[in-house]
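I opened my notebook to look at empty space, chain contacts and charged pairs. Here is what I looked up, entry by entry.

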Amino acid sequence: MKLETTHFGEIDIDETKIIDFDDGLPGFPSDKRFVLLDGGREFGEDDEPVPFLWLQSVTNGNIAFILLDVFAVMPDYKPVLNPSDFTELGAYSDECKEDFLIYNIVVLPEDVKKMSVNLVAPVIINQNIKKGKQVVANNSEYNVRHYLFEQIDD
Amino acid sequence: MLALTRRKSESIIIGDNVEIVVLGIQGEQVKLGIIAPKDISVHRKEVYLQIQEENKKALLSGTNALNELGALMKKSSSE
């Protein structure tokens, strides 16, 4: 199917790659279907992980989030999740961990050094069953607005 | 809104399987215990509101900034 998007113009979407977010995302309850984009190209389960992805709403082409693979920049990032999160996403185990993607939503203003990432609410995607959810981690040490470059400057 | 008065160690039941217990009261603070099935998520409301707020801000992120960031990261890794 064709989708008109703000960032990439008209793109072609393989409908089998659409990921269902049954609850939408906090603040965006009606956007329940998304695709992952690497640049303007659709990202699928056979692709190698990349540091940045776009989470593009299929419901509304104007809605897209930049996702960051936080583990690539903060290897000790360890969100503590609730078992309830996995009732929709499917059980997580060592055998199927390859199916799961964990990315965090980034706020990237024009001054890119002010980029922040939401460490409290990672987006978890089970690529096998094409389900996704933005969950809330129980860690009290994480912030919804974590400035990455400040950390690098330290 | 339903308003109920409870004392310490008293509780309320929501539906068949969610129980909220008043564990303690100290000045302005109430400590609550929540007993709920694993498929029900429980969070402080302000955290949820902060996440909504950040998601809305995240929409302002642009492709130009991402390209710029890519260039910046390449530069810093080659330095």
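**Entry: the cavity**

I started with the lining of the largest cavity, whose residues divide into 4 nonpolar, 3 polar and 1 charged. This is a predicted model, so I keep that in mind throughout. I then asked how many cavities of 30 Å³ or more the structure holds. I found 1 cavity at that cut-off, and the largest cavity has a volume of about 30 Å³.

Next I listed the residues around the largest cavity. From chain A, the lining takes Ile105(A), Val107(A), Ser116(A), Val117(A), Asn118(A) and Val144(A). From chain B, the lining takes Glu54(B) and Asn55(B). I noted the elements that give two or more residues to this lining: strands S8 (100-107) and S9 (116-117) of chain A, together with H1 of chain B.

**Entry: the contact between the chains**

I turned to the interface, having met residues of both chains around the cavity. Which residues of chain B lose the most area to chain A? I looked up the total beforehand: chain B and chain A bury about 2700 Å² between them, with 70% of it on carbon and sulfur atoms. In chain B, the residues that lose the most area are Glu54(B), Asn55(B) and Leu59(B), together 21% of what that side buries. I was pleased to recognise Glu54(B) and Asn55(B) from the cavity lining.

The contact takes 34 residues from chain A and 26 residues from chain B. I also looked for charged pairs across it, and the count between the two chains is 1 salt bridge. In a salt bridge, the side chain of Glu54(B) meets that of Arg145(A) at 2.5 Å, N to O. For polar contacts across the interface, the rule finds 5 residue pairs, both residues at pLDDT 80 or more.

On the side of chain B that touches chain A, I find that H1 and helix H2 (63-78) of chain B each give two or more residues. The largest share of that side, 10 residues, comes from H1(B). By class, I noted 12 nonpolar, 8 polar and 6 charged residues there.

**Entry: the pocket**

My next lookup was the largest pocket, with a volume of about 650 Å³. It is lined by 25 residues, and the closest to its centre are Asn138(A), Val42(B), His43(B), Arg44(B) and Val47(B). In chain B, strand S3 (29-35) and helix H1 (45-58) each supply at least two residues of this lining. I found that the largest share, 3 residues, comes from H1(B). By class, the pocket lining has 13 nonpolar, 9 polar and 3 charged residues.

**Entry: salt bridges over all chains**

Last, I counted salt bridges over all chains and got 10. One of these joins the side chains of Asp23(A) and Lys133(A), at 3.3 Å, N to O. Why did I single this pair out? Asp23(A) lies in the loop between strand S3 (19-20) and strand S4 (33-38) of chain A, and Lys133(A) in strand S11 (residues 131-134) of chain A, so the pair ties together parts that are 110 residues apart in sequence.

Note on methods
Residues numbered from 1 in each chain as written. Chains lettered and ligands numbered in written order. Heavy atoms only, no water. 1 Å grid on protein atoms, 1.4 Å probe; cavity = no way out; pocket = protein on both sides within 12 Å on 5 of 7 lines; lining within 4 Å. Points joined across faces, edges and corners; volume = space filled by probe spheres on them. Helix = DSSP H or I, 4+ residues; strand = E, 2+ residues; numbered from the N terminus. Nonpolar A, V, L, I, M, F, W, Y, C, P; charged D, E, K, R; others polar. Contact = heavy atoms within 4.5 Å. Buried area = accessible area lost by both parts, 1.4 Å probe. Salt bridge = Lys/Arg side-chain N within 4 Å of Asp/Glu carboxyl O. Polar contact = N/O pair within 3.5 Å; in protein donor to acceptor, adjacent residues only side chain to side chain.
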